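Please open the model in your viewer and keep the selection tool at hand. The tour proceeds from one selection to the next.

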Amino acid sequence: MISLDNIADIAISTGWGAADILRDYYRRSDLSVDNSKEGPVTAADLASNSYILEQLKGQLGTTDFGYLSEETYQEFLNKTGSGRVDKDWVWIIDPLDGTKDFIKKTDEYALHIALVYRGRPHLSVVACPEADVLYCAVLGSGTVAYSPGGERRSPKVSEVDDLSQLKVVVSRTHRDDRFNQLIQKLPTGGQKAVGSVGGKIVAIIEQKADIYLSLSGKSAPKDWDMAAPELILTEAGGKFTHFDGQPLMYNQGDPCQWGGRAASNGLCHDQLCDKIAQTLQEIDQ
């Protein structure tokens, strides 16, 4: 298999191409939307998905790599009867993260491309088309932010080490009563609303926020929501775990990430997770 650095070049090029597709659809006035029970799907989701799979499969094939995408997962499940891709190396793809924000024109949508090995991310791309920036991380090599002109920089999380001063990045939707109680009771330093999961994690590595929390309820975020954002955060110095400190695992059969997850700048992560456990115990009494 070719090196991760060479694969990263392919993922970066693919990310930029998919970002161009999303930008084109974003500016259309006749965007078709299918409001399925899993959430809205647009023509942009499908076009971006097709392009990403075409590029990755065309250059890397299917012998060494498996592919798990939000838009093709149900088809794969129906065909195989299993939600797990039977490969060590698996691409996990969200061709449009934040579809509701895309439809509402908030500019806060993203796309995710992650390569996981035996359940853990080793390479990821998160692109934010309206901000003209693409983030790429390779395990052990840091996170790099790219501009369309080729400029590069290495973003790092904040150095705030006081839990009461850490700002929480939250969603404008997907917030049930239990989650709202948790956010209100945590002794943190305010909130910042951002649309997509990718955008929330970008806010942390760009030092516009320090914490992101996710708590499943009747539904749960999926592998493709978390895999790529996790690696760009951890390679920028942050931490991303379940509330009990355990790592997130991907391609395990059920793509849903049940339970709770905390992403942070890392400096108060253990304290944060302990406080969350205590607070949830109080809420659930």
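Select Glu 130 and Arg 27 first: their side chains meet in a salt bridge, with N and O 2.8 Å apart. This pair connects distant parts of the chain, as the two residues lie 103 residues apart. Glu 130 sits in the loop between strand 6 (120-128) and strand 7 (133-138), whereas Arg 27 belongs to the loop between helix 1 and strand 1 (33-36). The model you are viewing is predicted.

Now colour the two residues by accessibility. Glu 130 counts as partly exposed, at 22% relative accessibility. Arg 27 has 55% relative accessibility and therefore counts as exposed, since the cut-off is over 50%.

Salt bridges that share partners also join Asp 20, Arg 23 and Asp 132 into one network. Select Asp 20 and Arg 23 from this network. The closest N and O atoms of their salt bridge are 2.5 Å apart. How far apart are Asp 20 and Arg 23 in helix 1? They are 3 residues apart in helix 1 (residues 4-26), which means that about one helical turn separates them.

Is Arg 23 buried or exposed? Arg 23 counts as buried because its relative accessibility is 15%, and buried means under 20%. Its partner Asp 20, at 44%, counts as partly exposed.

Next, select Arg 28 and Asp 24. A salt bridge joins their side chains, at 2.7 Å from N to O. Arg 28 is partly exposed, with a relative accessible area of 36%, and Asp 24 is also partly exposed, at 40%. In total, the structure holds 9 salt bridges.

Turn now to a sheet and display the chain as a cartoon. Here 5 strands form an open sheet with mixed pairing, in the order 11-10-12-14-13. Strand 11 (191-193) and strand 13 (239-242) are the edge strands, each pairing on one side only. From one strand to the next, the twist averages 25°.

Select strand 13 together with strand 14 (residues 260-264). These strands run antiparallel and are joined by 4 bridges. Within strand 14, Ser 264 is the bridge partner of Lys 239.

Finally, add two helices to the selection. Helix 5 (residues 177-185) packs on the sheet and touches strand 10 (168-170), strand 11 and strand 12 (211-215). The direction of helix 5 makes about 150° with that of strand 12. Helix 7 (residues 223-234) also packs on the sheet, touching strand 12, strand 13 and strand 14. The direction of helix 7 makes about 135° with that of strand 13.

Key. Residues are numbered from 1 along each chain as its sequence is written. This is a predicted model: local features need pLDDT of at least 70, side-chain atom pairs count only at pLDDT 80 or more; totals for chains, interfaces and linings use all residues. Side-chain values use heavy atoms; hydrogens and water are left out. A salt bridge is a side-chain nitrogen of Lys or Arg within 4 Å of a carboxyl oxygen of Asp or Glu. Buried means under 20% relative accessible area, exposed over 50%, partly exposed in between (1.4 Å probe, protein chains only). Two strands pair if DSSP finds at least two bridges between them. Axes are lines fitted to C-alpha atoms, for helices over the stretch in contact, and angles run from 0 to 180 degrees between N-to-C directions. Contact means heavy atoms within 4.5 Å.
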